[in-house]
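Student: I have a new model open, and I would like to learn how to read it feature by feature. Could you take me through it?

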Amino acid sequence: LDDAVVRRLADDLERQGIRVWVDDAEIRAGENLFARIESALHEMDFLGIVLSERSVTSQWVAGEVTMRLLHDLSEHGAGVIPIILDDCYISLALRGLPSVDFRAGYDEALQGLVRLLTRR
């Protein structure tokens, strides 16, 4: 379910002219997985962390969040945006950040996310 929502969200953002990098769609067989993810995180202005019951238990999500937060702290770089899909645990590191809540409705949340991403 998360994959379908993430792909839809990526497609909708790209239609708005926002460059999107989705890890499972961008990494090719044989690539150094960790190096590719780290490189992509440094290229993007924002890291959207999709939060759902399923994703918050993922080691990949935890690793990506940690890498980006460390980068942000050391470089004063881009921001992390929690994208909430359903009721789930939100870590203390993410709770204080501006987030986008899709639980109340996709279209309204998408427009809020677009506004947040294009504010800079």
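Tutor: Gladly! One caution to begin with: this is a predicted model. Let us start inside the sheet, where Ile 49 stands opposite Pro 82 in β2. Leu 47 likewise has Val 80 of β2 opposite it.

Student: How many bridges join β1 to β2, and do the two run parallel or antiparallel?

Tutor: The general idea is that strands of a sheet pair through backbone hydrogen bonds, either parallel or antiparallel. Here β1 and β2 run parallel, joined by six bridges.

Student: Which strand pairs with β2 over two bridges?

Tutor: That is β3, and the sense is again parallel for β2, residues 79-84, and β3. To find a point of contact on screen, look for Ile 84, whose bridge partner in β3 is Asp 101.

Student: In what order do the three strands lie in the sheet?

Tutor: The order is β1-β2-β3, in an open sheet with parallel pairing. β1 and β3 (100-101) are the edge strands; each has a single partner strand, so one side of each lacks a neighbour in the sheet.

Student: How do I place that sheet within the whole chain?

Tutor: Follow the sequence from its start. The chain has six helices and three strands, arranged in the pattern α-α-α-β-α-β-α-β-α. Contacts tell you how the sequence folds back on itself: of those between residues at least 6 apart in sequence, 55% join residues at least 24 apart.

Student: What percentage of the chain's residues count as buried?

Tutor: Of the 120 residues, 38% count as buried. As for the surface, the chain exposes about 7,500 Å², with carbon and sulfur atoms supplying 53% of that area.

Student: Which residues of β2 are on each of its two faces?

Tutor: In a regular strand the side chains alternate between the two faces of the sheet. In β2, Gly 79, Ile 81 and Ile 83 are on one side, with Val 80, Pro 82 and Ile 84 on the other, and all of these are buried. Because six of the six residues of β2 are buried, this strand is largely enclosed by the rest of the structure. β1 is mostly covered, with five of its six residues buried.

Student: Does Ser 52 count as buried or exposed?

Tutor: Ser 52 belongs to the loop between β1 and α4. With a relative accessibility of 0%, Ser 52 counts as buried. If we set aside residues up to four places away in sequence, Ser 52 touches Asp 2, Leu 85, Asp 86 and Cys 88.

Student: Now for a helix. Which residues is Leu 117 in contact with, leaving aside its neighbours within four places in sequence?

Tutor: Leu 117 sits in helix α6, and its contacts beyond those neighbours are Leu 13, Ile 18, Phe 46 and Ile 81. One of these partners shows how distance in sequence and distance in space can part ways: Leu 117 and Phe 46 are 71 residues apart along the chain, with C-alpha atoms separated by 7.5 Å. Leu 117 counts as buried, at 18% relative accessibility.

Student: And what does Gln 111 count as?

Tutor: Gln 111 is also found in helix α6, residues 106-118. Its relative accessibility is 34%, so Gln 111 counts as partly exposed. The C-alpha atoms of Gln 111 and Val 100, eleven residues apart along the chain, are separated by 9.6 Å.

Student: Last topic: pockets. What is the volume of the second largest pocket?

Tutor: Rolling a probe the size of a water molecule over the atoms shows where empty space is left. The second largest pocket has a volume of about 160 Å³. Of the 14 residues lining this pocket, Val 56, Val 61, Ala 62, Ser 91 and Leu 94 are the closest to its centre.

Student: Which element supplies the largest share of that lining?

Tutor: α4 does, with four residues of the lining of the second largest pocket. β1 (46-51), α4 (59-75) and α5 (92-95) each supply at least two residues. By chemical type, the lining divides into eleven nonpolar residues, three polar and no charged.

Key. Residues numbered from 1 in each chain as written. Predicted model: local features only at pLDDT ≥ 70, side-chain atom pairs only at ≥ 80, totals over all residues. Heavy atoms only, no water. 1 Å grid on protein atoms, 1.4 Å probe; cavity = no way out; pocket = protein on both sides within 12 Å on 5 of 7 lines; lining within 4 Å. Points joined across faces, edges and corners; volume = space filled by probe spheres on them. Nonpolar A, V, L, I, M, F, W, Y, C, P; charged D, E, K, R; others polar. Buried < 20%, exposed > 50% of the residue type's maximum accessible area, 1.4 Å probe, protein only. Contact = heavy atoms within 4.5 Å. Areas by Shrake-Rupley, 256 points an atom, 1.4 Å probe, with all protein chains shown as cover. Pairing = 2+ DSSP bridges.
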